[in-house]
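Ready for some practice in reading a protein model? Work through the exercises below with the structure open beside you, and try each task before you look at its solution.

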Amino acid sequence: MRRRYPPLTKRITNVVMLSLTGVCAFMTVSVLFFILGYLVYYGGKSLSLSFFTQLPAPVGQTGGGMANAIVGTVKLLALATVIGIPIGGLGGVYLAEFGTGWFSFLVRYTTDLLNGVPSIVMGIFVYGLVVLPMHHFSTLAGGIALGIMMIPIAVRSTEEFLRAVPRSLRESGMALGASKSETIRNVVIPAAINGIVTGIMLDLARVAGETAPLLFTSFGNEFWSKGWLQPTASLPVVIFNYAISPYEDWHRQAWAAGFVLLAGILMVNIFARFALSRREHMVRR
Amino acid sequence: MGTSTTATQGIDPGGQIPSFKYTWVERLKKGDEVTHLITLAAAFSIILITALLVWQLWSGSKLPRHAFGWHFFTTSSWDPISRDFGALTFIYGTVLTSAIGLVIAVPLGLGAAIFLAELAPRKISDTLTFLIELLAAVPSVIYGLIGIFVLIPILSNFVVPVLKKALGFLPIFSGPFYGVSYFSAGVILSLMIVPFIVSISREVLLAVPNSQREAMLALGATKWDVTWRAVLPYARRGIAGSIFLALARALGETMAVTMVIGNVAQIKVSLLAPGYTIAAVIANEFTEATGDLYLQSLIELGLVLFLVTMIINALARVLMLTMGSHEVSE
């Protein structure tokens, strides 16, 4: 009889193990659909128009909404963009266009370091930096915390997209008599701007869900926040506080808020995916 | 001879091209120096912020460092009233939950990565990877929400009874299960870190040269044998890097863990008991800490967390750099 190779045991192992890897992939992907499914089911059930237009109702009273938390999150993100993007974006321009030698190595290294800082530690940092000197929690402090968290990704995506601009474009700019900075302003950055903006949107989506740095910076607020120097409610912190509360009604509100937050974040991510799909290497988080 | 003179006609024999050399003032007008300085300032402020962060954690934890020294890490009492603080309980909780997370996430993530890199057609693989990477975009507070209201009921109704029946004789599965526990926190962590392991490991596996696979296939090996004996060993450093990155994230993870671990300052062998982690105790007690020693002990916990994640991230970086594949970014 002809001996077959590989032997039967090997062939069985082959089929079993390869199927197992398929099961692993299937399970991992299905986690996403589980999360989405539960949020759409519970969140969609609890969502209503008043969620977007009203203040939280007192305990025991049904109804109410999270208008203040939605506005708070928008304010925090606006502030974070104003603080994080100039520093991160210009830092990225420096690394891509000017940086050489040990200094740019140091910048890259600290950027990575900053990226790896646990978000709760960022909260401690900004608490000492802003909240302690001002003696109270504020929207400003929360925005600064999120802004600092945006810097590393802004640096990295800006640098990567600028580097992807072909050398020939720069050279043609220079050949027309433009200086280096004119070339950067008028040729290189416009060529990379779609990618850079998409990177910033992904960056915003990432910090939009951050909770830990806000716990002791922007704190929370059951009412409208008056100005930038008062504590403010934000969607992630409200989700946390409502989810660990003992009230059934608050749990429903937490699901609704989670649904709104996740829908926003995932939409930005999916949009970014399609905006960048022409590029081979997507900027990773 | 004649041709060479015409070729150099019109060019300054000294080799200088004055009209193309800008003076300092002209360069300033053109904006090069200004642009350089502005971007340099931005880059420098990144270094400044990071330095400030380290300084703040260090100087902000002076009191407990002087009061307790290294005993801070070996004692488990956490008593604001008698002003006695030790971190052991929280370190234990952080290490244990991260370990549970890795034990679940590494096989799952590696299996998925093998499927996506070695078996699935490129289009399907890319789509699935995108979906898995979307998981990494889900905020941790939403994982916590799922943990409280979905995962804990599933664990206490289905998983833990089976575990206890099969392995209940082991001390790690002894005792009652109330839902909030090291185990629940570990499972939630595993879901949160699996996307990182999958997406980086897949890229590392895709970067393994085909000659490695073909050499072994030519010897008559099965697909699994090729993967297990040729591809994985070749990619082991990059895979280890992805695991370290995932570990750093698990150690620093706050919200989801805080929501499902129970927040009880105790050291229990049983995984089914509630516990506490470093990040969770900071999140819960920081705004309520009364007295400088209490607050600064919490800041020292933050310092510990920062240093540990920094070291693990650096290890991950070294591992992935020595893999020699520049496409592997985290």
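## Exercise 1: How confident is the model?

In this predicted model, pLDDT stays under 50 over residues 325-330 of chain B, a stretch with 16 contacts beyond four places in sequence.

**Task.** Find out which helix of chain B has the lowest mean pLDDT and which has the highest.

**Solution.**
- Step 1. Begin with the whole chain: chain B averages a pLDDT of 89, and 89% of its residues score at least 70.
- Step 2. Go through the elements: helix α1 (residues 2-7) of chain B has the lowest mean, 42, while helix α5 (residues 88-119) of chain B has the highest, 97.
- Step 3. Look around the low end: residues 1-11 of chain B have a pLDDT below 50, and this stretch has 0 contacts in the model beyond near neighbours in sequence.
- Step 4. Finish with the scores of the model, which are ipTM 0.92 and pTM 0.90.

## Exercise 2: Checking a helix with a ruler

**Task.** Work out what span helix α3 (residues 32-60) of chain B should have, and compare it with the distance between its end C-alpha atoms.

**Solution.**
- Step 1. Helix α3 of chain B has 29 residues.
- Step 2. The rule is 1.5 Å times one less than the number of residues, so the expected span is 42 Å.
- Step 3. The end C-alpha atoms of this helix are 41 Å apart, which agrees.
- Step 4. Now repeat the check on helix α6 (residues 122-137) of chain B: its 16 residues should span 22 Å, and its end C-alpha atoms are 23 Å apart, which agrees too.

## Exercise 3: What covers a helix?

**Task.** Which chains supply the helices that cover the buried residues of α3(B)?

**Solution.**
- Step 1. Pick out the buried residues of α3(B), among them Thr35(B), Ala42(B), Ile46(B), Leu53(B) and Gly60(B).
- Step 2. Look at what surrounds them: the cover includes α3 (67-98), α4 (101-116), α5 (119-134), α6 (139-163) and α8 (180-208) of chain A, together with α14 (292-322) of chain B. Both chains take part.
- Step 3. Widen the view to the interface, where 72 residues of chain B are in contact with 75 residues of chain A. The largest share of chain B's side, 17 residues, comes from α3(B).
- Step 4. Sort that side by class: 47 residues are nonpolar, 20 polar and 5 charged.

## Exercise 4: Buried, partly exposed or exposed?

**Task.** Classify Lys62(B) as buried, partly exposed or exposed.

**Solution.**
- Step 1. Locate Lys62(B) in helix α4 (residues 62-68) of chain B.
- Step 2. Count the other C-beta atoms within 10 Å of Lys62(B): there are 13.
- Step 3. Buried needs 20 or more and exposed means 12 or fewer, so Lys62(B) is partly exposed.

## Exercise 5: Into the nonpolar core

**Task.** Which residues touch the most other members of the largest nonpolar core?

**Solution.**
- Step 1. This core has 183 residues, and the ones touching the most other members are Ile239(A), Ala257(A), Ile188(B), Ile197(B), Val260(B) and Ile282(B).
- Step 2. Helix α8 (residues 182-206) of chain B gives the most to the core, with 16 residues.
- Step 3. The core draws at least three residues from each of domain 1 (19-60) and domain 2 (70-322) of chain B. The C-alpha centres of these two domains lie 39 Å apart.
- Step 4. Zoom in on Ile282(B): leaving out residues up to four places away in sequence, Ile282(B) touches Ile120(A), Ile124(A), Leu298(B), Leu301(B) and Gly302(B).

Conventions
Residues are numbered from 1 along each chain as its sequence is written. Chains are lettered from A and ligands numbered from 1 in the order in which they are written. This is a predicted model: local features need pLDDT of at least 70, side-chain atom pairs count only at pLDDT 80 or more; totals for chains, interfaces and linings use all residues. Domain bounds come from an automatic or database domain assignment. Helices (H or I, at least four residues) and strands (E, at least two) are DSSP runs, numbered from the N terminus. Two residues are in contact if their C-beta atoms, placed from the backbone, lie within 7 Å. Ala, Val, Leu, Ile, Met, Phe, Trp, Tyr, Cys and Pro count as nonpolar, Asp, Glu, Lys and Arg as charged, and the others, Gly among them, as polar. A nonpolar core is a set of buried Ala, Val, Leu, Ile, Met, Phe, Trp, Tyr and Cys residues joined through C-beta atoms within 7 Å. pLDDT is the predictor's confidence in each residue, from 0 to 100.
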